[in-house]
Amino acid sequence: MKVTLIPGDGIGPEVSAAMVRVVDAATGGTIEWEEHLAGSGAVDAGHSPLPAPTIQSIRQNRVGIKGPLQTPIGSGWRSVNVSMRQALDLYVSLRPVKSLPGPSRARYEDVDVVVVRENTEGLYSGREHEAVPGVVEALKIVTRAASERIVRYAFEYARANGRRKVTVSHKQSIMPLSEGLFLDAARTVAEDYPFTDVEYVGLDNLVMELALDPHQFDVIVLGNLDGDVVSDMCAGLVGGLGMVPGANIGTKFALFEAVHGTAPDIAGKGIANPLALILSAELMLRHVGELAAAEKVRAGVERVLADGSVLTGDLGGSATTEEMTDALMEAL
Ligand code: NAI
């Protein structure tokens, strides 16, 4: 199997190297990695931020995994991440947020929430302009087609993964047309899933209830901006972004990535925590049906965390990226 690998910027190459070692060990080396550039790395090499061969490679292989990419503020680049999602129609942002053993800043234990976020439209449609000096308009695009397919994905995910409930979050009371369309589309789709519990919750109420008791939630489906914010909040419930994996999924292609950024403050020092990208690779292995390898990776990560003696600085230890990866290889 060929997988497109975009090592990314900042700590990207360091955590990508760790991820490749672990996945090769778990799969017995059955993945052929096809490495491509994007972001600052591509620009420094004289290409555009999102070179055509990179997109072409993902189209061909259908599966990719990427490190974080730098989007310089005010540089005139569009976010490469947003461009990739739109170019490949990766309409689902999937973020399973699950408590892990070991030291963390988590306020709750046994959290197991899956956030399904619409990834292509809403307020992130990228359509904003200055109407007159001092007044900026940003267009929020909501279509029935995109709303129905993201909600359907959430129900299908629930069904395939033995999940009991789907929570649809919206803000229909304030935006009756745009959010009303999303809500109406969700109700229509829910009729096809009579055996899955469904609830419709206002966004403000959802956030408060998550803070009070996250255990009452299972799969949560939301629009683009709401989903972006709520998925980071859910990461906070289990101790922060450091170990939360992510996936961008479409009908034809899937691109897996850690949720964190390029961490410029520690880039090049060899001390980044590689677990978020390694857990993203676990999601990738599940996606392509390599379930035994995925289980191995998961169990290895849990063992290293539970043991607690070889941890990177962000987890309260003093190990390097390489030492933590060595420990994980031993656990595998
Ligand atoms: P960041 O996630 O890079 O860093 C925030 C803090 O978390 C820093 O103190 C950093 O050292 C720490 N951190 C992040 N990942 C870590 C890891 N694996 N191990 C240990 N510590 C880690 O967020 P920031 O600073 O807001 O963004 C920096 C750059 O990353 C920006 O250019 C931004 O555009 C980009 N970015 C890219 C993303 C992507 O490609 N998916 C996502 C988020 C940000």
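**Group meeting: the ligand shell and some residues further along the chain**

Let me begin with the residues of the shell around the ligand, which divide into eight nonpolar, seven polar and four charged. Before I go on, please keep in mind that this is a predicted model, and that every value I quote is computed from it.

There are 19 residues around the ligand, and those that come nearest are Leu 69, Gly 261, Ala 263, Asp 265 and Asn 273. Two of these names return when we turn to the polar atoms. In the side chain of Asp 265, an N or O atom is 2.8 Å from an oxygen atom of the ligand, while for Asn 273 it is a polar backbone atom that lies 2.9 Å from a nitrogen atom of the ligand. Glu 257 also takes part, with a polar side-chain atom placed 3.1 Å from a nitrogen atom of the ligand. As for cover, the ligand on its own has 820 Å² of accessible area, and the protein covers 64% of that.

I would now like to move from the ligand to the aromatic rings. In general, one describes a pair of aromatic rings by the distance of the centres and the angle of the planes. In this model the count comes to three aromatic pairs. The one I want to show you is formed by Tyr 91 and Tyr 153, whose rings are 6.4 Å apart from centre to centre, with 90 degrees between the planes, so the pair is edge-to-face, the term used for planes over 60 degrees apart. This pair links distant parts of the chain, since Tyr 91 sits in the loop between helix H4 (80-87) and strand S4 (92-98), whereas Tyr 153 belongs to helix H5 (residues 144-160), and the two are 62 residues apart. Both Tyr 91 and Tyr 153 are buried. If you add Tyr 157, ring pairs link Tyr 91, Tyr 153 and Tyr 157 into a cluster.

Tyr 91 has a further neighbour to point out, namely Arg 149, which lies over the face of the Tyr 91 ring at 4.1 Å from the ring centre. Elsewhere in the model, Arg 187 lies over the face of Tyr 200, at 4.3 Å from the ring centre.

Strand S4, which I mentioned a moment ago, is also the place of Leu 94. Is Leu 94 buried or exposed? Its relative accessibility is 6%, and because the limit for buried is under 20%, Leu 94 counts as buried. Although Leu 94 and Val 116 are 22 residues apart along the chain, their C-alpha atoms are separated by 4.9 Å.

Next come two loop residues that I would ask you to look at with the backbone displayed. Arg 62, in the loop between helix H3 (52-61) and strand S3 (63-66), has a phi near 75 degrees, which is a positive value in a residue other than glycine. Arg 62 is partly exposed, because its relative accessible area of 46% falls between the limits of 20% and 50%. Asp 110, in the loop between S4 and strand S5 (112-118), is not a glycine either, and yet has a positive phi of about 55 degrees. With a relative accessible area of 64%, Asp 110 is exposed.

I will finish with Ala 306, which is found in helix H10 (residues 291-307) and counts as exposed at 54% relative accessibility. Measuring from C-alpha to C-alpha in the model, Ala 306 and Leu 100 are 8.4 Å apart in space, although 206 residues apart in sequence.

How values were computed. Residues are numbered from 1 along each chain as its sequence is written. This is a predicted model: local features need pLDDT of at least 70, side-chain atom pairs count only at pLDDT 80 or more; totals for chains, interfaces and linings use all residues. Side-chain values use heavy atoms; hydrogens and water are left out. A residue is near a molecule or strand if one of its heavy atoms lies within 4 Å of it. A polar contact is a pair of N or O atoms within 3.5 Å; within protein, one must be able to donate a hydrogen and the other to accept it, and residues adjacent in sequence count only if both atoms are side-chain atoms. Accessible areas come from the Shrake-Rupley method with a 1.4 Å probe; for residues, only the protein chains shown count as cover. Ala, Val, Leu, Ile, Met, Phe, Trp, Tyr, Cys and Pro count as nonpolar, Asp, Glu, Lys and Arg as charged, and the others, Gly among them, as polar. Rings of Phe, Tyr and Trp (its six-membered ring) pair if their centres lie within 6.5 Å; planes under 30 degrees apart count as stacked, over 60 as edge-to-face and the rest as tilted. Helices (H or I, at least four residues) and strands (E, at least two) are DSSP runs, numbered from the N terminus. Buried means under 20% relative accessible area, exposed over 50%, partly exposed in between (1.4 Å probe, protein chains only). A charge sits over a ring if NZ of Lys or CZ of Arg is within 6 Å of the ring centre and within 35 degrees of the ring normal.
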